[in-house]
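Dear colleague,

Please find below the structure I promised to hand over, together with its sequence. My notes on it follow.

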Amino acid sequence: MTAQSNWQALAEAKRQAILKAIPEKWRLPTPVPPASKVRDVTGRYIQQYLSEREIEITESDAVEIASRTSTGRWSAVEVTEAFCHRAALAHQLVNCLHEMFFEAALEDARKLDAYFAEHQRPIGPLHGLPVSLKDQFHIKGVETTMGYVGWIGNFQGLKGDPRHLNHESELVRELRALGAVLYCKTSVPATLMSPETVNNIIEYTWNPKNRFLSCGGSSGGEGALLALRGSPVGFGTDIGGSVRIPSGFNYLYGLRPSSGRTPYEGAANSIDGQSTILSVIGPMAPTARSLVMIMKAVLSQQPWYHDPLVLDLPWRDDVVQQTRALIEQSKGGTPSLAFGILRWDGIARVHPPIARGLKIIESTLKRLGHKVIPWSPPSHSKALELADKAYSMDGGADLAHHFGLSGEPQPSQVIAGSNVPLSITELTALNVAKREYQKEYMDYWNSTSELTGTGRPVDGFFCPVAPYAAVVPHGYKHVGYTCFVNVLDYTSVTLPVTHADKNVDVRSATDEPADNVDWDYDAEVYDGAPVGIQLIGRRLQEEKILTLAEYLGDELGKTA
């Protein structure tokens with residue numbers, strides 16, 4: 001058997017194994033119609049395969065579910081089975097799962113119900129709450145491929161390694177201790193270094209709201225599953241936008257915390273050891289309060305005692321209260337909050353739906369009495385240049401090695417970067433340049449105190465997640481709107497704002513593309529695509545930014 005046919009056979013076998021993990025009773029009776037026939041498979045489309053009770057359970061948010069499962073009003077088994085069913089449907093509609101371990105999940109749920117029946121108390125605050133995970137997290141008895149054919153049947157490409165099917169990531173351990181039920185792992189682009197989710201195992205993961213478009217990446221399967229309500233809350237990772245892009249593309253809230261806030265220990269990764277720009281773990285969910293709940297829960301496990309890179313920084317309720325006090329002050333007519341708005345980064349002009357989303361943000365802020373100023377920071381081109389060097393500092397050796405394990409081709413959407421590794425001298429120069437850029441940006445932020453009228457610099461600023469409201473396959477050409485945040489290591493949360501509307505978001509004849517980025521927009525194709533905008537705070541401001549996201553998210557719907 002040739003190398004080429006061998007990788008294809010392995011990929012096909014794995015693809016079929018994923019489908020065979022779906023119980024017969026949950027398999028769709030007929031093939032899914034093409035996107036030209038059914039563009040949007042969320043809402044009523046997926047609901048047709050569910051009972052009213054399953055719809056009630058799966059369309060409750062994580063906070064509501066946990067309040068019921070942790071008090072015995074809903075059984076963990078019933079909730080788990082409902083989400084397993086909906087996740088199985090979601091995969092058949094958009095190819096969003098790499099692993100389904102429903103029987104193991106139901107067994108865990110039965111143990112949780114038995115514990116509650118005996119002790120009349122929950123194991124923890126997430127008792128009975130289903131949580132989905134991006135396919136970077138190791139779970140005992142479950143394979144991790146991270147989209148690589150060469151990882152099938154082994155541990156991260158290491159044949160014979162005893163950790164295969166026998167190892168769990170730190171976050172997994174903590175979620176179990178909190179009472180969460182783990183039941184599936186979601187699709188990723190091979191390498192993780194792509195804003196579109198594509199690999200040679202499950203092929204392409206589509207956007208559930210508009211199946212002509214991408215779900216984003218690299219936590220794309222997570223975004224698609226959550227959009228279809230096949231999960232109430234899940235975890236992705238972000239090194240250049242990989243939580244925020246799929247959150248924006250799927251009408252979700254998604255948190256990119258600063259490095260050191262959440263535990264990465266024991267998870268698979270690409271370019272492991274690259275520490276100029278660290279990948280971070282962040283939650284994704286349909287509601288902001290779900291992110292708050294799960295962040296508080298994870299931090300209650302004191303991950304700094306189990307992951308050497310996590311900071312000893314518990315959840316800070318005092319910051320939440322201070323932020324709420326500023327919000328209440330502004331309601332009383334005293335300007336107390338101020339925000340910047342970055343309309344474009346000087347490189348890639350945004351699509352009409354994104355421009356409208358920013359206008360909705362601005363009008364909401366002004367209606368609430370907050371000060372809004374233009375955001376004119378140091379060049380984001382510089383951040384993009386620094387990020388490009390960091391992502392390819394090994395000259396692509398790590399990616400080439402893992403593709404080479406099976407001989408599979410590298411998908412064209414992978415961000416490859418330079419094929420020349422950095423020398424030690426070049427690496428140290430890169431780290432110095434990054435630090436200098438961080439200081440320059442910090443100084444600019446501080447300077448806004450002269451413009452806000454609050455006596456303080458802005459409390460955060462808004463900018464696009466991407467120039468696009470999702471993309472057609474192969475259409476993602478600019479990650480500059482997200483990767484600059486990773487260079488700065490700022491906190492950022494994506495807020496769902498609106499949807500593209502072909503009757504409103506029409507390209508003007510005077511609009512011109514930027515010089516070096518193709519500005520391709522078709523109002524008909526993009527119709528219905530979700531629009532997300534990110535709110536960015538300073539480093540380690542997760543409590544403040546999530547509190548603001550919860551407040552503003554509730555208000556956005558009131559602004560026409």
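Strand 7 and the annotated binding site

In this predicted model, Gly-254 has Met-284 of strand 8 as its bridge partner. On strand 12, the bridge partner of Gly-254 is Thr-494.

These two bridges belong to wider pairings. Strand 7 (residues 253-256) pairs with strand 8 (residues 280-285) in the antiparallel sense, over 2 bridges. Strand 7 also runs antiparallel to strand 12 (residues 491-499), and 3 bridges join them.

In a regular strand, side chains alternate between the two faces of the sheet. In strand 7 both faces are covered: Tyr-253 and Leu-255 are buried on one side, and Gly-254 and Arg-256 are buried on the other.

Pro-283 belongs to strand 8. Its C-alpha lies 6.0 Å from that of Gly-254, although the two are 29 residues apart in sequence. Pro-283 counts as buried because its relative accessibility is 0%, under the 20% cut-off. Beyond four places in sequence, Pro-283 touches residues including Tyr-253, Gly-254 and Leu-255 of strand 7, and its contacts also include Phe-235, Leu-291, Ile-294 and Met-295.

The second topic is the binding site. The unreviewed UniProt entry carries a "binding site" annotation that covers Leu-192, Ser-218, Ile-239, Gly-240, Gly-241 and Ser-242. These residues are spread over 51 residues of sequence, yet they cluster in space, with a largest C-alpha distance of 10.7 Å. The lining of the largest cavity includes Leu-192, Ser-218, Ile-239, Gly-240, Gly-241 and Ser-242.

I looked at two of these positions in detail.

- Ser-218 is in the loop between strand 5 (203-204) and helix 8 (220-227). With a relative accessibility of 1%, Ser-218 counts as buried. A polar atom of the Ser-218 side chain lies 3.4 Å from the backbone oxygen of Leu-192. Beyond four places in sequence, the residues that Ser-218 touches include Lys-134, Ser-187, Thr-237 and Ser-242.
- Gly-241 is in the loop between strand 6 (234-238) and helix 9 (244-249). Gly-241 counts as buried, with a relative accessibility of 0%. Leaving aside neighbours within four places in sequence, Gly-241 is in contact with Gly-217, Pro-246, Thr-482 and Asn-486.

Please bear in mind that the binding-site annotation comes from an unreviewed UniProt entry and that the model is predicted.

With kind regards

Key. Residues are numbered from 1 along each chain as its sequence is written. This is a predicted model: local features need pLDDT of at least 70, side-chain atom pairs count only at pLDDT 80 or more; totals for chains, interfaces and linings use all residues. Side-chain values use heavy atoms; hydrogens and water are left out. Buried means under 20% relative accessible area, exposed over 50%, partly exposed in between (1.4 Å probe, protein chains only). Two strands pair if DSSP finds at least two bridges between them. UniProt positions are given in the numbering used here, feature names are shortened, and annotations may be inferred rather than shown by experiment. On a 1 Å grid over the protein atoms alone, a cavity is a set of points where a 1.4 Å probe fits but cannot get out, and a pocket is an open set with protein on both sides within 12 Å along at least five of seven lines; lining residues have an atom within 4 Å of a point. Contact means heavy atoms within 4.5 Å. A polar contact is a pair of N or O atoms within 3.5 Å; within protein, one must be able to donate a hydrogen and the other to accept it, and residues adjacent in sequence count only if both atoms are side-chain atoms.
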